[in-house]
Amino acid sequence: MKIAASVAAVMLAVAISAPAFAQQPAPPAPSLYKRLGGYDAMAAVTDDFLRRLTSDPNFARFFSGHSTDSLKKIRQLVVDQLCAATGGTCVYIGRDMKTAHAGLGISEKDWDTSVKYLTATLDELNVPAKEKSEVLTAISGLKKDIVEKP
């Protein structure tokens, strides 16, 4: 009889505490960074995107004259910025966008072309529509600091 009473007491305790467990908040949704695939995905996006930009003769003026080492640094800064902007643990240590792009004469057309290339990169890498939209939304906030002329 004592065993039955003990089992009943345990079952009662579980039943009483069960609602408390059910009311626990859901764990936070994974960050965009994790949903995209983490650091390797940021690097893949950056590499493909920069390949598209540097292959376009209209963008040569932005990349010519840089040493191989400088181009590697630009790549790393883009990876770090994309990582940080999507909720990753990277730290972007570069200059702010307004300072970094001042004097380059980036036009609205240049911006639109770069967004087209980024979209093509995300499509090529099979980034789902929701995540692609979130990346493009995050990047769109930089436009005001990068575009200098209509």
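## The disulfide

A disulfide here is a pair of cysteine sulfur atoms within 2.5 Å. By that rule, Cys 83 and Cys 90 are joined, with their sulfur atoms 2.2 Å apart. Keep in mind that this is a predicted model. The structure has one disulfide.

How is the link of Cys 83 and Cys 90 handed? The angle about the S-S bond is 80°, and the link is right-handed. As for exposure, Cys 83 and Cys 90 are both buried.

## Helix H3 and its cover

H3 runs over residues 39-55, which makes 17 residues. From the first C-alpha of H3 to the last is 24 Å, close to the 24 Å expected at 1.5 Å a residue.

Which residues of H3 are buried? The list has plenty of hydrophobic names, including Ala 41, Met 42, Val 45, Phe 49, Leu 50 and Leu 53. Asp 48, Arg 52 and Thr 46 are also buried in H3. What covers the buried residues of H3 includes H2 (32-36), H4 (60-63), H5 (68-85) and H7 (108-124).

## Helix H7 and the turn after it

H7 has 17 residues too, and its end-to-end C-alpha reach is 24 Å, close to the 24 Å expected at 1.5 Å a residue. Its buried residues are Asp 110, Trp 111, Thr 113, Ser 114, Tyr 117, Leu 118, Thr 121 and Leu 122.

What do the buried residues of H7 pack against? The partners are H3, H4, H8 (129-140) and H9 (143-146). Just past the end of H7, Asn 126 takes a positive phi of about 55°.

## Aromatic rings

The structure holds two aromatic pairs. In one of them, the rings of Phe 59 and Phe 62 have centres 5.7 Å apart and planes at 55°, so the pair counts as tilted. Phe 59 and Phe 62 are both buried.

Ring pairs also bring in Tyr 117, giving a cluster of Phe 59, Phe 62 and Tyr 117. Tyr 117 is one of the buried residues of H7.

## The largest pocket

If you're thinking about the open space in this model, the largest pocket holds about 1,100 Å³. Its lining takes in 35 residues, and those nearest the centre are Ile 74, Val 78, Gln 81, Met 97 and His 101. Two or more lining residues come from each of H3, H4, H5, H6 (97-101), H7 and H8.

Which element gives the largest share of that lining? The answer is H5, with eight residues.

## Two buried loop residues

Thr 86 sits in the loop between H5 and H6. Its relative accessible area is 5%, so Thr 86 is buried. What does Thr 86 touch, once neighbours within four places in sequence are left aside? Its contacts are Ser 31, Leu 32, Tyr 33, Leu 36 and Met 42. Of these, Met 42 is among the buried residues of H3.

Ser 107 belongs to the loop between H6 and H7. With 10% relative accessibility, Ser 107 counts as buried. Leaving aside neighbours within four places in sequence, Ser 107 is in contact with Val 147, Lys 149 and Pro 150.

Methods: Residues numbered from 1 in each chain as written. Predicted model: local features only at pLDDT ≥ 70, side-chain atom pairs only at ≥ 80, totals over all residues. Heavy atoms only, no water. Buried < 20%, exposed > 50% of the residue type's maximum accessible area, 1.4 Å probe, protein only. Helix = DSSP H or I, 4+ residues; strand = E, 2+ residues; numbered from the N terminus. Expected span 1.5 Å × (residues − 1). Contact = heavy atoms within 4.5 Å. Phe/Tyr/Trp six-rings, centres within 6.5 Å; stacked < 30°, edge-to-face > 60°. 1 Å grid on protein atoms, 1.4 Å probe; cavity = no way out; pocket = protein on both sides within 12 Å on 5 of 7 lines; lining within 4 Å. Points joined across faces, edges and corners; volume = space filled by probe spheres on them.
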